[in-house]
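This briefing walks through one protein model, topic by topic, for a reader who is new to structures. Please keep the sequence and the 3D view open while reading.

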Amino acid sequence: MGVNLGQVFPNIDCKTTKGDYKLHDFINESWAILFSHPADYTPVCTTELGTAAQLKPEFDARSVRMIGLSIDSVDSHHGWIKDIQSYAGLKGDFPYPIIAGTRQTAADLGMLDPDEVDATGMPLTARCVFIIGPDKKLKLSLLYPATTGRNFNEIIRVIDSLQLTATKKVATPANWKSGEDCMVVPSLSDAEAKTLFPKGFKVTEVPSKKSYIRLTPDPSK
Ligand code: BEZ
């Protein structure tokens, strides 16, 4: 099982710390990030959920709705949120909902990490990240083992690339950050690129003499 890039993300029923809804209603017309966790009251997850909460303004600035998922009950999540807020130095309302995930949802979405098992020997949920577009289609998925925490700054960098390349015919090179030069996509001819990118593009010379590395300023700036 699992969801492939470009597929409509399953419209799962979400029982969350902020009410119950269908995932597509939660996403509405926005982008969304769904990130999963093996279980409540686990140390790496506590750091991840706190970091994600601290970065909420960055996700808001990109119109990305945040939703976490952990395989425990809503009541358990409410108790754990107090620890997350204490650990991360956060006060007030916790800024995004956490789904009370089930093993079935985790299996359906391809979230299980066979190398990490719970006390009963059942595989734990891996650390999945799903970025879903306003069309409800999966734009990116990341799958980390339970033992490795995610870099949420990298996730924001990736969202910048996804949102840019959703509307402009560019691709972003290794380690790209918003505002840096982008590559003209290979499917565009030079003539088309000249029309689409008024600031022009520069071809990088390579031994093959093929003109396929074409850099243009970030067209969103
Ligand atoms: C954690 O969140 O700390 C964790 C969860 C499962 C396995 C290993 C670490």
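E48 and R127 are joined by a salt bridge in which the closest N and O atoms are 2.8 Å apart. This pair links distant parts of the chain, since E48 sits in helix α2 (residues 43-54) while R127 sits in strand β8 (residues 127-132), 79 residues apart. The model is a predicted one, and the points below place this pair among the other features of the structure.

**Salt bridges**

- Side chains of opposite charge can pair when their charged atoms come close.
- Across the whole structure, a search finds 11 salt bridges, one of them being the bridge between E48 and R127.
- E48 counts as buried because its relative accessibility is 2%, and buried means under 20%.
- R127, the partner of E48, also has a relative accessibility of 2% and therefore counts as buried.
- Salt bridges that share partners bring E48, R127 and R150 together into one network.
- A further salt bridge is formed by R214 and D190, whose closest N and O atoms are 2.7 Å apart.
- R214 belongs to strand β13 (residues 214-216) and D190 to helix α7 (residues 190-196), so this pair ties together parts of the chain that are 24 residues apart in sequence.
- The two partners fall into separate accessibility classes, because R214 is buried at 4% relative accessibility, whereas D190 is partly exposed, with a relative accessible area of 35%.
- The side chains of K22 and D13 also meet in a salt bridge, with a distance of 3.2 Å from N to O.
- In that pair, K22 counts as partly exposed at 31% relative accessibility, while D13, with a relative accessible area of 61%, is exposed.

**The ligand and its surroundings**

- Which residues are found around the ligand? They are P38, T42, P43, V44, C45, E116, L124, R127 and A146, and R127 is also the salt-bridge partner of E48.
- Helix α2 gives the most to this shell, contributing 3 residues.
- By chemical class, the residues of the shell divide into 6 nonpolar, 1 polar and 2 charged.
- An oxygen atom of the ligand lies 3.2 Å from an N or O atom in the side chain of T42.
- The backbone takes part as well, with a polar backbone atom of P43 at 3.2 Å from an oxygen atom of the ligand and a polar backbone atom of C45 at 3.1 Å from an oxygen atom of the ligand.
- The ligand taken alone exposes 260 Å², and the protein buries 83% of that area.

**The nonpolar core**

- The largest nonpolar core has 26 residues, among which I33, F35, F59, Y96, I131 and I155 touch the most other members.
- At least two residues of this core come from each of β3 (31-37), α2, β4 (64-70), α4 (74-88), β8 and α6 (152-167).
- Helix α6 gives the most to the core, with 6 residues.

**The protein as a whole**

- The secondary structure of the protein comes to 7 helices and 13 strands.
- Measured out along its principal axes, the C-alpha trace spans about 60 × 35 × 30 Å.
- The protein has 221 residues, and buried residues make up 43% of them.

Methods. Residues numbered from 1 in each chain as written. Predicted model: local features only at pLDDT ≥ 70, side-chain atom pairs only at ≥ 80, totals over all residues. Heavy atoms only, no water. Salt bridge = Lys/Arg side-chain N within 4 Å of Asp/Glu carboxyl O. Buried < 20%, exposed > 50% of the residue type's maximum accessible area, 1.4 Å probe, protein only. Helix = DSSP H or I, 4+ residues; strand = E, 2+ residues; numbered from the N terminus. Near = heavy atom within 4 Å. Polar contact = N/O pair within 3.5 Å; in protein donor to acceptor, adjacent residues only side chain to side chain. Areas by Shrake-Rupley, 256 points an atom, 1.4 Å probe, with all protein chains shown as cover. Nonpolar A, V, L, I, M, F, W, Y, C, P; charged D, E, K, R; others polar. Core = buried A, V, L, I, M, F, W, Y, C linked by side-chain atoms within 4.5 Å.
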